[in-house]
Amino acid sequence: MKMKGGCLCSAVRYEASDPVVTAICHCTHCQKISGSAYSVNVLFPDANVRIEGTTQHFVDTGDSGAHLNRHFCPKCGSSLYSKADSMPGLTIVKAGSLDDTSVVKPTVQIYCARAQNWVTLPAGTTNHQQGMA
């Protein structure tokens, strides 16, 4: 299945296929980058992702000390995808940037210990109190 998406202003567009996993992340960095209680992320093999347009990125550091390059549109600021040193070969796409989010079905949640106290964790997911590493 091919998924398409992009930023708010359409300066950056992408296509991706064959997702590996869809995960909800409750870490404080994802809360800040999403401006919400958590981030929903669809992970794809790098070979299955094609990006058109130019992004900027911010180098973040995770709990492990590994770097996470967070890519966003330089024109509208939309968060689009990340590349984690701890997960080589994968592109982590922000589900909110997909054109059709109805296909998104999270199966894993990480950093549940940092979830906002008013968030109810969805049933049917594998939940980790911290990251999966």
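How many bridges join β3 to strand β10, and do the two run parallel or antiparallel? Let's work through this and a few companion exercises.

The model is predicted, so local features need pLDDT of at least 70 and side-chain atom pairs count only at pLDDT 80 or more, while totals for chains, interfaces and linings use all residues. Residues are numbered from 1 along each chain as its sequence is written, and side-chain values use heavy atoms, with hydrogens and water left out.

**Exercise 1. Place β3 and β10 in their sheet.**

Step 1. Strands here are DSSP runs of E with at least two residues, and helices are runs of H or I with at least four, numbered from the N terminus. Two strands pair if DSSP finds at least two bridges between them.

Step 2. β3 and β10 (residues 108-110) are joined by 3 bridges and run parallel. Across this pair, Cys-25 stands opposite Ile-110 in β10.

Step 3. Now read the whole sheet: it is open, has 8 strands with mixed pairing, and follows the order β6-β7-β8-β9-β4-β3-β10-β11. β6 and β11 (126-127) are the edge strands, each pairing on one side only.

**Exercise 2. Find the nonpolar cores and describe the surroundings of Phe-44.**

Step 1. A nonpolar core is a set of buried Ala, Val, Leu, Ile, Met, Phe, Trp, Tyr and Cys residues joined through side-chain atoms within 4.5 Å. Buried means under 20% relative accessible area, exposed over 50%, and partly exposed in between (1.4 Å probe, protein chains only).

Step 2. The largest core counts 15 residues, and Val-42, Phe-44, Leu-80 and Leu-98 have the most contacts inside it. At least two of its residues come from each of β2 (13-17), β4 (39-45) and β8 (79-84).

Step 3. A separate second core has 7 residues, including Ala-23, Cys-27, Val-108 and Ile-110.

Step 4. Contact means heavy atoms within 4.5 Å. Beyond its neighbours within four places in sequence, Phe-44 has contacts that include Met-3, Ala-16, Pro-19, Val-49, Leu-90 and Val-93.

**Exercise 3. Decide whether Asp-60 is buried or exposed, and list what it touches.**

Step 1. Asp-60 belongs to strand β6 (residues 56-61).

Step 2. Its relative accessible area is 9%, so Asp-60 is buried.

Step 3. Not counting residues up to four places away in sequence, Asp-60 touches His-29, Ala-66, His-67, Leu-68 and Arg-70.

**Exercise 4. Describe the largest cavity and the largest pocket.**

Step 1. On a 1 Å grid over the protein atoms alone, a cavity is a set of points where a 1.4 Å probe fits but cannot get out; a pocket is an open set with protein on both sides within 12 Å along at least five of seven lines; lining residues have an atom within 4 Å of a point.

Step 2. The largest cavity has a volume of about 40 Å³. Ile-33, Arg-70, His-71, Phe-72, Ser-79, Leu-80, Tyr-81, Ser-82 and Lys-94 form its lining. β7 (67-72) and β8 each give two or more residues to that lining, and β8 gives the most, with 4 residues.

Step 3. The largest pocket has a volume of about 740 Å³. Of the 31 residues lining this pocket, Cys-25, Ser-86, Met-87, Ile-110 and Tyr-111 lie nearest its centre. Elements giving two or more residues to the pocket lining include β3 (21-25), α1 (28-34) and β9 (90-94).

Definitions and conventions
Grid points are joined across faces, edges and corners, and a volume is the space filled by probe spheres set on the points.
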